[in-house]
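User: Please take a close look at the sheet in this model. I would like to know how its strands are arranged and what lies against them.

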Amino acid sequence: MHTENIIRINQRFVDVFGYTIDDIPTLNDWWLNAYPDPHYLMWVRQTWQQALSFALENDTDIQPQVYCVTCKDGSHIMMEISGRYFKHEFLAIFKDVTQHLAVEDTLRDMAFLDSLTQIANRRCFDDKLVNELELMHKKIKPLSMILIDIDYFKQYNDNYGHIKGDECLYQIAQCIAATMNHEKDFVARFGGEEFVVLLPEADPKKALHSALQIQQAINQLVIKHEYTDIGYITLSMGIKTLHNPQTGDYTYFVDAADKALYQAKGQGRNCIVVSED
């Protein structure tokens with residue numbers, strides 16, 4: 001099948017991919033030109049052959065599958081390719097889905113992005129935590145969480161207005177995200193004026209160091225808050241580290257970090273509490 005001749009192609013095919021019948025006289029030439037990466041080529045051939053075999057066995061059309069096709073000029077385009085078999089010939093049908101997939105990616109990103117602060121939202125955090133707990137079970141390495149609350153934010157909102165409040169939330173979120181030093185560190189808006197940081201493979205000492213860096217960075221912003229004793233925005237933080245994975249880790253983990261945060265607020269705010277439970 002790989003060396004069969006290509007009988008004809010239409011002008012739209014030439015316009016999109018740049019290949020003429022002289023460039024790809026056989027199916028094998030198409031494989032090599034359209035999928036130059038040998039590993040990807042192997043996957044494409046296997047996937048197409050499986051779809052073709054299924055179509056022949058069930059007397060049906062070749063089911064559509066999305067492939068990344070390399071054009072003659074070296075650019076790439078996402079194509080949904082299906083086909084129909086007629087005795088000893090088959091017709092390949094191409095549908096450009098590049099823009100459609102881009103829209104899907106954008107919508108997927110939006111679903112997991114907090115529109116106000118432009119960091120991950122609670123839904124994204126929930127998924128991330130589940131994944132990190134699964135990894136923790138495999139690696140048996142610590143996982144730390146910092147739960148963060150903006151001190152006296154209600155007073156800030158009530159006195160400066162919601163527009164200033166939204167600006168404050170955005171500044172805080174971006175500052176926390178910019179403070180993270182490792183690629184695996186994850187920052188999300190937990191809800192309201194609360195944020196959460198996940199630190200994979202970080203012990204309590206490393207988590208505390210990260211919290212102190214966040215505290216210092218926020219202090220350097222000097223966001224004016226006249227309705228507190230200090231006069232500017234501060235944070236309260238609770239830290240919890242898991243060392244040994246257990247059943248029900250999600251609820252226990254979040255609750256423990258929340259209790260530590262509650263203790264930080266009880267100690268006068270603008271401080272960090274590390275859970276010892």
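Analyst: What follows goes through the sheet strand by strand, then turns to the helices and to a patch on the surface. The model is a predicted one, and the description should be read with that in mind. Its sheet is open and is built from three strands, which follow one another in the order β1-β2-β3 with antiparallel pairing. The edge positions are taken by β1, spanning residues 62–70, and β3, spanning 89–96, and because each of these has a single partner strand, one side of each is left without a neighbour in the sheet. From one strand to the next, the twist averages 30°.

Between strand β2, which covers residues 76–86, and β3 there are eight bridges, and the two run antiparallel; within this region, M79 is found opposite D96 of β3.

Two helices pack on the sheet, and they can be taken in turn. Helix α2, made of residues 27–34, touches β1 and β3, and its direction makes an angle of about 55° with that of β1. Helix α3, made of residues 38–58, touches β1, β2 and β3, and the angle between its direction and that of β1 is about 160°.

The surface patch remains to be placed. F86, L91 and I93 together make a nonpolar surface patch of about 260 Å². Of these residues, I93 belongs to strand β3, and its relative accessible area of 31% makes it partly exposed; since membership of a patch requires over 30% relative accessible area, I93 meets that cut-off with its 31%.

How values were computed:
Residues are numbered from 1 along each chain as its sequence is written. This is a predicted model: local features need pLDDT of at least 70, side-chain atom pairs count only at pLDDT 80 or more; totals for chains, interfaces and linings use all residues. Side-chain values use heavy atoms; hydrogens and water are left out. Two strands pair if DSSP finds at least two bridges between them. Helices (H or I, at least four residues) and strands (E, at least two) are DSSP runs, numbered from the N terminus. Axes are lines fitted to C-alpha atoms, for helices over the stretch in contact, and angles run from 0 to 180 degrees between N-to-C directions. Contact means heavy atoms within 4.5 Å. Patches are made of residues with over 30% relative accessible area and no salt bridge: like charges are joined within 9 Å, nonpolar side chains (Val, Leu, Ile, Met, Phe, Trp, Tyr) within 5 Å. Accessible areas come from the Shrake-Rupley method with a 1.4 Å probe; for residues, only the protein chains shown count as cover. A salt bridge is a side-chain nitrogen of Lys or Arg within 4 Å of a carboxyl oxygen of Asp or Glu. Buried means under 20% relative accessible area, exposed over 50%, partly exposed in between (1.4 Å probe, protein chains only).
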